Every structure is written in C-alpha cells, then in structure tokens.
Amino acid sequence: MKNMKSKKSVVCFGEILWDNLPTGKKPGGAPMNVAYHLHKLGIDSQLISSIGDEQSGVELMGFLKEIGLKTDLVQIDRAHDTSEVQASVNPDNHEVTYEIISPVAWDFISWQPNFETLLKEAQAFVFGTLSTRNPATRNTLYQMLEHSAYRVFDVNLRAPHYSPEVIEALLKKSNLVKLNSSELLLIAQWYNQACVKEADCVEVLFDRFNIEEVIITKGSQGATYYTSLFRYDYPAYSVHVADTIGSGDSFLAAFLAMKLGDEPVEITLDYAVAMGAFITSQAGACPQYSKFDLERFIWKKKLGIYDKT
C-alpha cells in the first residue's frame, strides 16, 4: 500500500529581490517565482535565499507569507541589504533588461545542517547562475548539489554575473537543464564554434556532460524537450502580451509539477507552455490566480474562445 504522505516537494535556491519596474516595485527573483508557481500547483516548495535586516527585507518577507510561501529557510543578513534590481521593459513588452546591484544579502547564503535532509527528501532541486556570482553563495550551492538526486539547472544568464567555468561546473552536476535559444547557442559555441542549429547545439551538451534532459524555451515559438534519444516540439499559445517577466519561471514550475506527477511528456509540455502564456498575458511574475484559472485558460484556448487573455 502506498504511503499516503506522497505530496511532492521541490527546493528552490538563490536570489529573491525587488524588481524596480516603470510601473512600480514588484517582488522577483527566478527561484522565488518558480517556488510560487509550484505552490500554486500543489507542490510543497521550499525557498532558500537571504534578505537584509531593513524595511525592504521586512516587506519582501511579508510578501512571501502573503502568497503562501514558507519563510523559515530565508536567511536574515544584518551586514548586507535586500536585493533591488532596476528592470527596463522595451516598448513592445517582449524584452526586459536588468541592472542587478551587488553585493546583496543573497550573495551570502550560508550552508545550514538541515539542508542535507531537506535535499535528500525533495524530488527536485532548482538553481540558476545568478546566485553563483559571489563565492559565499556559490560554495553553498556546490555543497547542496552533492545531496540532491534530481538537479534542475535553470540557466538564466545575466551578464556580467556568470563565467564559463562556473556554468561548466553546474552543467556537470545537472540532470535537467532549461535555457533559451540564445543561451544554448552561447554555451554550445564555447565547445564547438561551428555549432549553429539547435539540435546540434543540444547534442554538444549531451556529448560533453552527463545531462539527461534539456528544455529550450522559445517564447512565441513554444518549447522543445530533448533527451539523448528523442525530441518533442510544442507550439506556443497565442496571447496578448502584458509582459514576459517570470514567464520562463512559471513554465519550469508547471513542467516540474507535471513531471513529478508522472505525466507523459506531451501533456507535461502542453501544461508548461500554457502556464508560460497564461503568466505572459498578465502583469508581473507572480499574479494572483488559482489552478482553476489556469485550467480554464487552457480549455478556452483549446476551444478557440478568445478574450483579453
């Protein structure tokens, strides 16, 4: 008989911050966004990060509690400020550029003894490159990777806050890698400058690293999922774009939620692409919604019922 305590859990590690947008200040950071959407989809999400001991940190901690995320693993740093990012959105709302100030609290996330058990019990561990820019948090991440069975590398390159050496070290430890087309091309050409086609670039990663799965997100062109044996392409949902902030994070959360539920890849990708489109149609990375809202959005699109979303 199966253990009734079967709720899946995912640990998300790295930056949480305030995005200073033209429309105002909003909470952000890829790990927080992924944790938020996992929580919305019924996954027990654990967020490991750090904030400063000031009003900005108090407000960010309040937001986490308001949206239902656990805060016991968010460290309080009395020596460094809560992260704030200047985000600029281009006129068509399709591209966002970031000025990421350093050093900040999440540059100094420290290893805690309870992390080992937490990681061993979780079904997945999600991390990215931005949190590796400072040796303190980078070393904590390296230690965490040694205790996780399923490691999800959400690449999220933010120049100049990464190096080929660190990315290579993370790729060597990754089971699943998610990145966009430009990130794939950049990384693959470090090892093969002649690589241009997507499938060839993915093959470079499979040949060089012990990666099991690669996901390429392509915005309005949908997404493609690769293993060493096959690929699966899935088209995008057509929506009116409010902004693209956090759409990739929501995609990853939906993909993991379905994968951990043992859904077939075509259903998993459909749900993930739909989630990305659903969030793109709304302002901000963490809008208020329910799982029912997402599923109603999917069925409207499938039935050809078009509205403002």
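These legends describe close-up views of a predicted model.

**View A. Nine strands form an open sheet.**
The strand order is 5-4-1-8-9-10-11-12-13, and the pairing is mixed. Which strands stand at the edges? They are strand 5 and strand 13 (231-234). Each has a single partner strand, so one side of each is left without a neighbour in the sheet. On average, neighbouring strands of this sheet are turned by 15° against each other, direction ignored.

**View B. Strand 8 pairs with strand 9.**
Strand 8 covers residues 124-127. The two strands pair in the parallel sense, and three bridges join them. One residue to find here is Phe127, whose bridge partner in strand 9 is Phe153.

**View C. Helix 2 packs on the sheet.**
Helix 2 touches strand 4 and strand 5. The direction of helix 2 makes about 170° with that of strand 4. Angles over 145 degrees count as roughly antiparallel.

**View D. Helix 8 lies across several strands.**
Helix 8 spans residues 247-260. Which strands does helix 8 lie across? They are strand 1 (9-13), strand 8, strand 9, strand 10, strand 11 (213-217) and strand 12 (223-226). Helix 8 runs at about 150° to strand 10.

**View E. Helix 5 packs with helix 6.**
Helix 5 is made of residues 164-172, and helix 6 of residues 181-191. Their axes are 12 Å apart, at an angle of about 95°. That makes helix 5 roughly perpendicular to helix 6. Which residues meet? From helix 5 come Pro164, Ile167, Glu168 and Leu171. From helix 6 come Ile187, Trp190 and Tyr191. Six residues of this contact are nonpolar, none is polar and one is charged.

**View F. Asp44 and Lys70 meet in a salt bridge.**
The structure holds 14 salt bridges, and this view shows the one between the side chains of Asp44 and Lys70. The distance from N to O is 2.7 Å. This pair links distant parts of the chain, 26 residues apart. Asp44 belongs to strand 4 (residues 44-52). Lys70 sits in the loop between helix 2 (55-66) and strand 5 (74-77). Are the two residues buried or partly exposed? Asp44 has a relative accessible area of 21%, so Asp44 is partly exposed. Lys70 is at 36% and also counts as partly exposed.

**View G. Asp154 forms a salt bridge with Lys178.**
The closest N and O atoms are 2.8 Å apart. The two residues lie in distant parts of the chain, with their positions 24 residues apart in number. Asp154 is in strand 9 (residues 151-154), and Lys178 is in strand 10 (residues 176-180). Buried or exposed? The cut-off for buried is under 20% relative accessible area. Asp154 is at 2%, so Asp154 counts as buried. Lys178 is at 5%, so Lys178 is buried as well.

**View H. Asp233 and Arg231 are joined by a salt bridge.**
Here the closest N and O atoms are 2.8 Å apart. Asp233 has a relative accessible area of 41% and is partly exposed. Arg231 is partly exposed too, with a relative accessible area of 41%. Which residues make up the network around this pair? Salt bridges that share partners join Glu198, Lys218, Arg231 and Asp233.

Methods:
Residues numbered from 1 in each chain as written. Predicted model: local features only at pLDDT ≥ 70, side-chain atom pairs only at ≥ 80, totals over all residues. Heavy atoms only, no water. Axes fitted to C-alpha atoms, helices over the stretch in contact; angles between N-to-C directions. Helix = DSSP H or I, 4+ residues; strand = E, 2+ residues; numbered from the N terminus. Parallel < 35°, antiparallel > 145°, perpendicular 65-115°, else oblique. Contact = heavy atoms within 4.5 Å. Nonpolar A, V, L, I, M, F, W, Y, C, P; charged D, E, K, R; others polar. Salt bridge = Lys/Arg side-chain N within 4 Å of Asp/Glu carboxyl O. Buried < 20%, exposed > 50% of the residue type's maximum accessible area, 1.4 Å probe, protein only. Pairing = 2+ DSSP bridges.
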